[in-house]
Amino acid sequence: MNAPAKTEDFVPAIPAGVFAETVTSVQHYTDHLFRFRMTRPESFRFRSGEFAMIGLMVGEKPVYRAYSIASPAWDEELEFFSIKVPDGPLTSHLQQIKPGDTVLMRKKPTGTLVLDALTPGKRLYMFSTGTGIAPFASLIRDPETYEKFDEVILTHTCRQVAELKYGFDLIEEIRNHEFLAEVVGNKLRHYATVTREDYPFQGRITDLISSGKMFADLGVPHFDPAIDRGMICGSAAMLKETKALLEQAGLTEGANNKPGEFVIERAFVD
């Protein structure tokens with residue numbers, strides 16, 4: 001078994017041109033989900049919603065995967081929310097990390113789930129499934145989000161109730177934060193749904209949009225391209241279906257170089 005080594009065990013093997021950061025905390029939510037925090041390099045700058053390539057030395061080689069940065073741009077540490085894949089090239093090792101271990105990170109963040117890629121609007125929807133909530137964990141903790149939008153609706157759909165806990169923890173942290181609580185006020189709404197267990201809100205988010213139940217549950221009108229904006233992060237099927245629903249409502253996809261009414265993170269795979 002290749003357990004992650006301590007920093008002193010492989011300092012000579014760390015590749016040139018990457019950050020080597022120290023894990024500060026690890027929280028396991030279920031057998032499939034965990035979050036961890038690590039030190040942030042002083043020179044590392046990113047926009048809330050972007051992702052980075054993070055990795056571990058596995059044997060003598062570094063293994064990297066794209067991970068959305070779950071912490072906001074102002075945070076002194078970096079947070080990530082991950083699935084556990086038993087035989088995954090990276091996650092089979094990453095899920096074993098403990099405080100004090102070393103995680104590698106390439107120096108350039110990127111991604112499309114950034115506020116700059118959206119045209120001005122009033123209501124921002126963040127559609128997520130599984131660990132696709134990670135970039136939104138960053139954005140809902142960024143004051144700029146609430147400067148740009150009057151209402152922010154975070155949707156999070158998982159198979160089981162236990163998988164929703166990270167999202168509820170985020171909301172609780174914001175409510176109890178010394179300055180975020182005041183900035184966010186009542187602008188943030190959290191719409192959590194489950195597909196395989198009994199829960200007050202059940203079903204795939206795309207079905208709840210199509211049927212109109214999401215709008216009824218939230219007490220908001222159907223999508224209006226004049227005021228509504230969207231961000232999507234989740235499984236490939238969910239991305240495709242949600243994109244189609246937004247386009248049917250008249251919203252157009254944007255990008256960093258051409259802002260639009262909604263954006264998609266295609267680097268993410270649930």
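**Exercise 1. Strand β8**

Task: Determine how many residues of strand β8 (residues 151–158) are buried, and which residues make up its two sides.

Solution.
Step 1. In this predicted model, eight of the eight residues of strand β8 (residues 151–158) are buried, so the strand is largely enclosed by the rest of the structure.
Step 2. Consider the two faces separately. One side carries Glu151, Ile153, Thr155 and Thr157, and these are all buried.
Step 3. The other side carries Val152, Leu154, His156 and Cys158, which are all buried too. Both faces of β8 are therefore covered, in agreement with the count of eight of the eight.

**Exercise 2. The partners of β8**

Task: State which strands pair with β8 and in which sense, parallel or antiparallel.

Solution.
Step 1. Strand β7 (residues 123–129) pairs with β8 in the parallel sense, over seven bridges. To locate this pairing in the structure, find Arg123, which stands opposite Glu151 in β8.
Step 2. Strand β9 (residues 188–194) also runs parallel to β8, and seven bridges join the two. Here the residue to find is Thr155, which stands opposite Tyr191 in β9.

**Exercise 3. Strand β6**

Task: Describe the burial of strand β6 (residues 102–106) and identify the strands with which it pairs.

Solution.
Step 1. Four of the five residues of β6 are buried, so this strand is largely enclosed by the rest of the structure.
Step 2. Strand β1 (residues 18–28) runs antiparallel to β6 and is joined to it by five bridges. Within this pair, Val18 stands opposite Arg106 in β6.
Step 3. Strand β3 (residues 51–58) pairs with β6 in the antiparallel sense over two bridges. Gly55 stands opposite Leu104 in β6.

**Exercise 4. Cys158 and Cys233**

Task: Explain why Cys233 forms no bond with Cys158, and decide whether each of these cysteines is buried or exposed.

Solution.
Step 1. A disulfide requires two cysteine sulfur atoms within 2.5 Å. By this rule the model contains zero disulfides.
Step 2. Cys158 is accordingly in no disulfide, and the nearest cysteine sulfur, that of Cys233, is 12 Å away.
Step 3. Take Cys233 as the starting point. The closest cysteine sulfur to that of Cys233 belongs to Cys158, and the 12 Å between them is too far for a bond.
Step 4. For burial, the cut-off is a relative accessible area under 20%. Cys158, with a value of 5%, is therefore buried. Cys233, with a value of 0%, is buried as well.

Conventions:
Residues are numbered from 1 along each chain as its sequence is written. This is a predicted model: local features need pLDDT of at least 70, side-chain atom pairs count only at pLDDT 80 or more; totals for chains, interfaces and linings use all residues. Side-chain values use heavy atoms; hydrogens and water are left out. Buried means under 20% relative accessible area, exposed over 50%, partly exposed in between (1.4 Å probe, protein chains only). Two strands pair if DSSP finds at least two bridges between them.
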